Amino acid sequence: GAFQRFFRKEGGYPKFKRRGDPIGLRETDVKCFSVDAANGRIRFPKVGWLRYRASRPIEGRAITATLRAEADGWYVSIACAFEPKALERGPKACGIDRGVANFAAFDTGQRIAPLDAHKRAVQCLRRYQRAVARKLEAAKVAAGIPKGKPFPKGFRLQPSNRLRKAQARVAKIHQGIARQRADFLHKLSTQIAREHALVCLEDLRVRSMSASAAGSQEAPGKRVRQKAGLNRSILDQGWTMFKDQLAYKLEWRDGVLVLVHPAYTSQRCHACAHTHADNRKGEVFRCRSCGHTDHADVNAAKNILAAGHAVLAGDGQALVEGEVQSGRPVKREPTEGVGHAA
Ligand SMILES: [Zn+2]
């Protein structure tokens with residue numbers, strides 16, 4: 001929050017940032033406050049009573065309020081302590097492959113398309129970000145700073161109204177993307193946590209670390225390269241948020257999330273365990289040994305589920321130890337342990 005940031009970087013008292021400062025910095029936690037929900041107001045020290053519009057009722061005892069400035073105004077999130085109710089939970093187990101073409105593919109064959117709104121928003125975002133960059137560059141030239149040189153230290157730019165408006169537009173698009181993503185992910189993760197006692201995912205941190213050494217696992221699909229950059233980072237964020245939400249929503253229900261080692265989940269035939277990079281061509285999985293065919297992501301999800309069961313049975317190496325015939329280095333890193341959280 002703002003407190004930590006302030007002490008670390010600037011060593012002063014936290015204060016609310018001024019209009020025009022980067023939105024992301026304007027966030028602060030408050031421990032001392034009182035809520036009068038009946039009258040829809042909240043009191044902060046030195047500020048007094050403020051009216052608020054509640055998105056949902058406060059349950060239990062309010063502990064911390066987080067104040068946050070967004071593109072269209074102030075938001076307060078209140079963390080509460082309450083006795084958890086018994087939540088419904090189904091008995092099923094599932095493996096989920098998180099990917100680009102499909103946001104999530106289940107071992108059952110079900111596939112969840114990525115949020116299309118992202119693609120459009122990213123294009124829109126790029127356009128307005130260029131507009132901001134152009135206006136900043138123009139302001140630089142107007143202030144007598146040579147083109148391409150950064151603003152000198154301590155220089156305070158007096159932003160034009162056009163620059164401010166362009167920055168506000170960019171902030172608004174970011175806000176929209178964040179909200180759409182949160183909505184999409186919450187609906188999906190809630191549904192999955194309700195239906196399952198066990199959910200298995202790949203540990204993507206391991207995958208991104210090993211990707212450079214082993215070569216990209218998705219090499220046949222050119223999508224990964226094309227989607228580098230902004231779109232990619234949005235996807236990555238979505239994958240991480242999805243995992244985090246599943247972790248706590250499963251924990252609420254005494255369910256279990258298992259993160260498995262991602263090695264060869266997409267190359268290994270679920271039917272006969274033959275593992276070869278050529279088994280997978282884009283979206284199609286066709287085993288070179290037994291001829292088994294499946295959707296590539298669904299085959300991976302089945303392997304992820306099997307690896308999750310192996311981890312629970314104490315045989316976490318099962319997937320990693322598979323014989324590999326692609327000539328690539330065999331990875332023998334230990335599989336990440338079982339846990340409720342990641
Ligand atoms: Zn096979």
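## A tour from the zinc site to helix H2

Select Cys-269 and Cys-287 to begin, both of which are buried in this chain, and keep in mind throughout that the model is predicted.

Now add the zinc ion together with Cys-272 and Cys-290, and you will have its full set of protein donors on display, the SG atoms of Cys-269, Cys-272, Cys-287 and Cys-290, lying 2.3 Å from the metal. The angles among the 4 donor atoms run from 107 to 111°, which makes the site tetrahedral; for comparison, the ideal angle for four tetrahedral donors is 109.5 degrees. Read along the sequence, the donor residues follow the spacing C-x2-C-x14-C-x2-C. Because Cys-269 sits in the loop between strands S11 (256–260) and S12 (280–281), while Cys-287 belongs to the loop between strands S13 (284–286) and S14 (293–295), this pair ties together parts that are 18 residues apart in sequence.

Move next to Asp-203, in the loop that joins strand S10 (196–202) to helix H4 (204–214). Its relative accessibility is 3%, so Asp-203 counts as buried. If you also select Thr-240, 37 residues away in sequence, the C-alpha to C-alpha distance between the two is 9.9 Å.

Finally, select helix H2, residues 116–142, whose 27 residues should span 39 Å at 1.5 Å a residue, and whose end C-alpha atoms are 40 Å apart, in agreement with that expectation. Colouring the buried residues within H2 will pick out Ala-117, His-118, Ala-121, Val-122, Leu-125, Ala-131, Val-132 and Lys-140. Just past the end of H2, stop at Gly-144, where phi is positive, at about 85°.

Note on methods:
Residues numbered from 1 in each chain as written. Predicted model: local features only at pLDDT ≥ 70, side-chain atom pairs only at ≥ 80, totals over all residues. Heavy atoms only, no water. Helix = DSSP H or I, 4+ residues; strand = E, 2+ residues; numbered from the N terminus. Buried < 20%, exposed > 50% of the residue type's maximum accessible area, 1.4 Å probe, protein only. Donors = N, O, S within 2.8 Å, 3.2 Å for Na, K, Ca; no water. Tetrahedral: all angles 85-135°; square planar, octahedral: opposite > 155°, others 65-115°. Expected span 1.5 Å × (residues − 1).
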